[in-house]
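Welcome! Here is a friendly walk through one structure, starting with one of its elements and moving outward from there.

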Amino acid sequence: KVAAKKKEISMEEMLRQVDQIIKDLQTGELSFEENLAAYQRGTELLKECSGRLEKAEKELIVLEVDEI
């Protein structure tokens, strides 16, 4: 049931979150623990973005091959 609660967010929203995390980290106002958590969250978001981009690229390659 926990996995069912996990809502998939858009690439745009993930990138907005990463941008906000970067801004938060740059302020120097977060505690060590907050910095670590923010960094980890940013890394997770970027991995997800990268995975989605790879998947889309593979789908585009398949479409291009099918057109030939």
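In helix α2, the buried residues are Met-14, Val-18 and Ile-21. Buried here means under 20% relative accessible area, while exposed means over 50% and partly exposed lies in between, using a 1.4 Å probe and protein chains only. Because these buried residues cover an arc of only 60° around the axis, they sit on the same side of α2; the arc is that of the directions from the helix axis to the C-beta atoms. What lies on the other side of α2? There, Glu-12, Arg-16 and Gln-26 are exposed.

Please keep in mind that this is a predicted model, in which local features need pLDDT of at least 70 and side-chain atom pairs count only at pLDDT 80 or more, whereas totals for chains, interfaces and linings use all residues. Residues are numbered from 1 along each chain as its sequence is written, and side-chain values use heavy atoms, with hydrogens and water left out.

The length of α2 can be checked too. Its 17 residues, at 1.5 Å a residue, should span 24 Å, and the end C-alpha atoms are 25 Å apart, which agrees. The expected span is 1.5 Å times one less than the number of residues. After α2 comes Gly-28, with a positive phi near 75°.

Now for the wider picture. The protein chain has 3 helices and 0 strands, running α-α-α from the N terminus. Helices (H or I, at least four residues) and strands (E, at least two) are DSSP runs, numbered from the N terminus. Of the 68 residues of the chain, 12% count as buried. The chain exposes about 6,100 Å², and carbon and sulfur atoms supply 57% of that area. Accessible areas come from the Shrake-Rupley method with a 1.4 Å probe.

Which element do the buried residues of α2 pack against? They pack against α3. The largest nonpolar core has 6 residues, namely Met-14, Val-18, Ile-21, Ala-38, Leu-45 and Cys-49, and the elements giving two or more residues to this core are α2 and α3. Such a core is a set of buried Ala, Val, Leu, Ile, Met, Phe, Trp, Tyr and Cys residues joined through side-chain atoms within 4.5 Å. In soluble globular proteins, nonpolar side chains tend to be buried together. One core member, Ala-38, is in contact (heavy atoms within 4.5 Å) with Ile-21, Leu-25 and Leu-30, leaving aside its neighbours within four places in sequence.

Charged side chains come next. The model has 5 salt bridges, each a side-chain nitrogen of Lys or Arg within 4 Å of a carboxyl oxygen of Asp or Glu. The table shows some of them.

| Salt bridge | Closest N and O atoms |
|---|---|
| Arg-52 and Glu-8 | 3.6 Å |
| Glu-13 and Arg-16 | 3.1 Å |
| Glu-44 and Arg-41 | 3.8 Å |

The pair Arg-52 and Glu-8 links distant parts of the chain: Arg-52 is in helix α3 (residues 32-67), Glu-8 is in the loop between α1 (2-5) and α2 (11-27), and they are 44 residues apart. Glu-8 is exposed, at a relative accessible area of 66%. By contrast, Glu-13 and Arg-16 both belong to α2, 3 residues apart, about one turn of the helix. Glu-13 is partly exposed at 28%.

Glu-44 and Arg-41 both lie in α3, again 3 residues apart, about one turn of the helix. Glu-44 is partly exposed at 48% relative accessibility, and Arg-41 is partly exposed at 35%. Salt bridges that share partners also join Glu-8, Glu-48 and Arg-52 into one network.
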